[in-house]
Amino acid sequence: MELARSVTTIGAKRGVTVQFDFDNARADRRDAQINATLPLQRYLESLHRNYQALRDGTVATYIPELAKADPDWFGISVVTADGYAYAVGECDRAFTIQSISKPVIYAAALADRGREAVLRKVGVEPSGEAFNSISLDPQTGAPLNPMINAGAIATTSLVQGDTAADKWSRIAAVMSRFIGHAVTIDEAVYRSESHTGFRNRAIAWMLKNFGVIDGDPMEALENYFRQCSVRVTCRDLACLAATLANGGVNPISGERAVPAEDVQAVLSIMATCGMYDYAGSWLYEVGLPAKSGVSGGVIAVLPGRFGIAIFSPPLDATGNSARGIAVCRQMSRDFGLHAFGGSMAPSLVLSRVYSAREAPSRRVRATGVATRLRAVAPQIKCLSLQGDVGFDGAEYIVRNVMRLASESDSFVLDMHRVTYLTEGGARLFHDVRSSLFAQGKAFVYSRIRGKPGVLHALRHTLPEGDNGFLSFEDNDLAVEWCEDRLLASQNVPLPRVSTRASFPLFAGIDAKALARLEPVMPSLVFPAGATIISAGPGDDDRIFFIESGEVSVVLELSDRSHQRIATLSSGMSFGEMTMLGSTARSASVHADTEVRAWTLRASALDVLALKHPDIKITILKNLSLDLAQRLRQANLLIGTLAA
Ligand code: DON
């Protein structure tokens with residue numbers, strides 16, 4: 001039976017449409033089940049239950065269309081900086097964004113005109129007055145900040161565009177990146193405000209009078225009314241707040257909405273001016289950059305972490321959503337979200353320090369080389385970092401690096417768990433890298449790909465004339481590079497294999513016995529890039545002995561990426577597990593270069609063992625010795641990583 005692909009339901013309450021797609025319904029149902037079990041989801045549900053009964057505040061009426069809102073409407077949504085969304089209550093009901101549009105347009109004006117030009121027209125001082133107060137600088141006539149209507153109207157006039165229509169396209173484009181979908185306007189609200197916005201109209205003419213607005217003030221005002229009338233849901237606002245929390249990148253769409261450097265300015269203004277004449281109490285009690293709107297929206301941002309949004313139309317005396325304030329105050333108290341509530345101790349950014357002795361690369365070295373490397377491997381230090389690395393965290397890291405420098409040759413900074421790196425922190429890293437370089441030591445990064453918050457800071461702070469920094473796909477490749485560097489400095493000669501006797505698997509087998517193996521060990525050549533072994537079931541029972549060239553043993557991961565298990569070269573063998581009875585291959589082997597290898601079928605060895613069992617016994621003993629050594633190394637690594 002073919003399920004109907006989508007059904008539209010008109011909600012009883014005015015102007016609400018909800019769409020369901022049955023195909024994804026199953027996946028959504030599974031996600032919803034998981035979501036329902038998440039502690040924060042349950043917490044938000046209890047918060048919603050508690051504050052649904054709050055009857056404080058009244059719905060805004062000065063814009064007649066807004067007066068139609070139902071005071072019981074109430075939604076809470078949280079979107080994390082890595083794009084996970086929580087939602088409780090009325091989170092899909094559309095309403096108009098109103099003043100929550102102001103931080104978005106301020107970010108757009110900064111990106112289009114630059115800080116200096118915007119600061120010449122709009123100040124950054126809290127007015128301590130209501131949102132519609134005519135708070136202009138007595139000398140310049142400039143609005144005190146971009147969050148009060150005067151400042152917002154001026155800011156709207158500053159976005160790039162030769163015509164009002166061009167400016168609107170720019171406004172709509174930036175907004176859609178913040179909320180993750182195309183914007184639509186609630187025409188009824190727009191007309192309602194445009195027809196009754198006399199105070200704003202007066203403000204716009206004042207701004208024209210003081211030369212704050214260059215063009216037609218009424219064009220700027222109409223664009224301001226339009227931006228305030230953009231339809232959003234509580235989820236959209238949480239996504240908008242999370243985009244600010246994520247340094248200007250929408251964590252759900254992955255699209256950059258505004259440059260990272262402008263986000264700091266926007267959050268600063270939101271912290272000091274976002275809640276108007278309640279801003280002081282808000283910062284005191286909640287301590288997060290925030291913005292409210294007259295239709296009942298409130299957003300709050302925990303930088304680097306997540307965005308919170310509440311929708312509830314009844315407003316308190318300062319024009320902020322009464323339930324919105326209450327919910328944020330409670331969340332800040334319950335989770336210690338206050339920005340000045342003590343940040344993470346700098347030392348916590350350093351989660352682990354270990355050396356290549358405990359965690360060598362997966363490049364398998366010839367016995368002699370491996371022994372030599374184990375002796376010097378402690379000179380390669382790996383530092384695992386985590387969380388937001390600011391100036392203080394970086395200072396702590398750098399101090400530890402310099403403390404270890406005298407006994408070290410190279411440092412690998414594993415950035416996998418770093419959520420954000422400030423420019424101040426990046427500068428310290430560049431500095432220590434160049435001073436280590438001057439001592440002939442290396443300082444490299446691993447796992448920074450796909451981390452815009454880290455890459456941006458490192459690239460943006462590269463000193464003039466600096467040749468740049470090295471970063472590796474993963475720790476394994478970074479450590480291998482450090483090992484090769486160290487071995488090269490130790491002039492360790494790499495052994496060349498010419499005969500079968502030099503393979504560890506054949507250790508203890510005399511020449512006569514080896515000669516018995518030769519007829520069943522043909523030499524084959526594999527071109528670079530060839531797949532020599534494919535993971536999975538099969539009947540290929542060959543063991544391979546590398547005469548020359550290099551191969552990599554790789555595992556395909558669930559996300560279809562590949563993880564290197566080992567890189568093998570001349571004098572090493574692979575595929576030995578077929579001797580233990582199964583021809584299923586646990587990993588694939590690819591030729592990194594042209595490879596010349598002897599092959600030995602396990603079945604041929606079994607036949608040979610019928611007459612000469614000692615050969616197979618010796619080979620199996622050597623294999624178990626090798627497996628034991630690998631087990632010891634793995635335990636050492638687990639011990640290090642578990643510490
Ligand atoms: O300009 C106005 O008055 C409205 N469009 C926006 C005001 C607003 O959202 C104030 N926020 N609390």
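Below, a biologist asks a modeller about the ligand and the spaces in this predicted model.

Modeller: In this predicted model, local features need pLDDT of at least 70, side-chain atom pairs count only at pLDDT 80 or more, and totals for chains, interfaces and linings use all residues. Residues are numbered from 1 along each chain as its sequence is written, and side-chain values use heavy atoms, with hydrogens and water left out.

Biologist: What makes a residue count among those that surround the ligand?

Modeller: One of its heavy atoms must lie within 4 Å of the ligand. There are 14 such residues, and the closest are Tyr62, Gln98, Ser99, Tyr224 and Val294.

Biologist: Why is the pair between Gln98 and the ligand called a polar contact?

Modeller: A polar contact is a pair of N or O atoms within 3.5 Å; within protein, one must be able to donate a hydrogen and the other to accept it, and residues adjacent in sequence count only if both atoms are side-chain atoms. A polar side-chain atom of Gln98 is 2.6 Å from a ligand nitrogen, so the pair qualifies. Ser99 has a side-chain N or O atom 2.6 Å from an oxygen atom of the ligand. With Gly319, a backbone N or O atom lies 3.2 Å from a ligand nitrogen.

Biologist: How much of the ligand does the protein cover?

Modeller: The protein covers 99% of the 340 Å² that the ligand has accessible on its own, by the Shrake-Rupley method with a 1.4 Å probe, where for residues only the protein chains shown count as cover.

Biologist: Why is the space taken by the ligand called a cavity?

Modeller: On a 1 Å grid over the protein atoms alone, a cavity is a set of points where a 1.4 Å probe fits but cannot get out; lining residues have an atom within 4 Å of a point. A molecule sits there if more than half of its atoms lie within 2 Å of the grid points. The ligand takes the space of the largest cavity, which holds about 40 Å³. Its lining includes Lys102, Phe131 and Glu193.

Biologist: What makes the second largest pocket a pocket?

Modeller: A pocket is an open set with protein on both sides within 12 Å along at least five of seven lines. The second largest pocket has a volume of about 1,600 Å³, the space filled by probe spheres set on points joined across faces, edges and corners. Of its 50 lining residues, those closest to the centre are Ala245, Pro303, Gly304, Asp388 and Tyr420.
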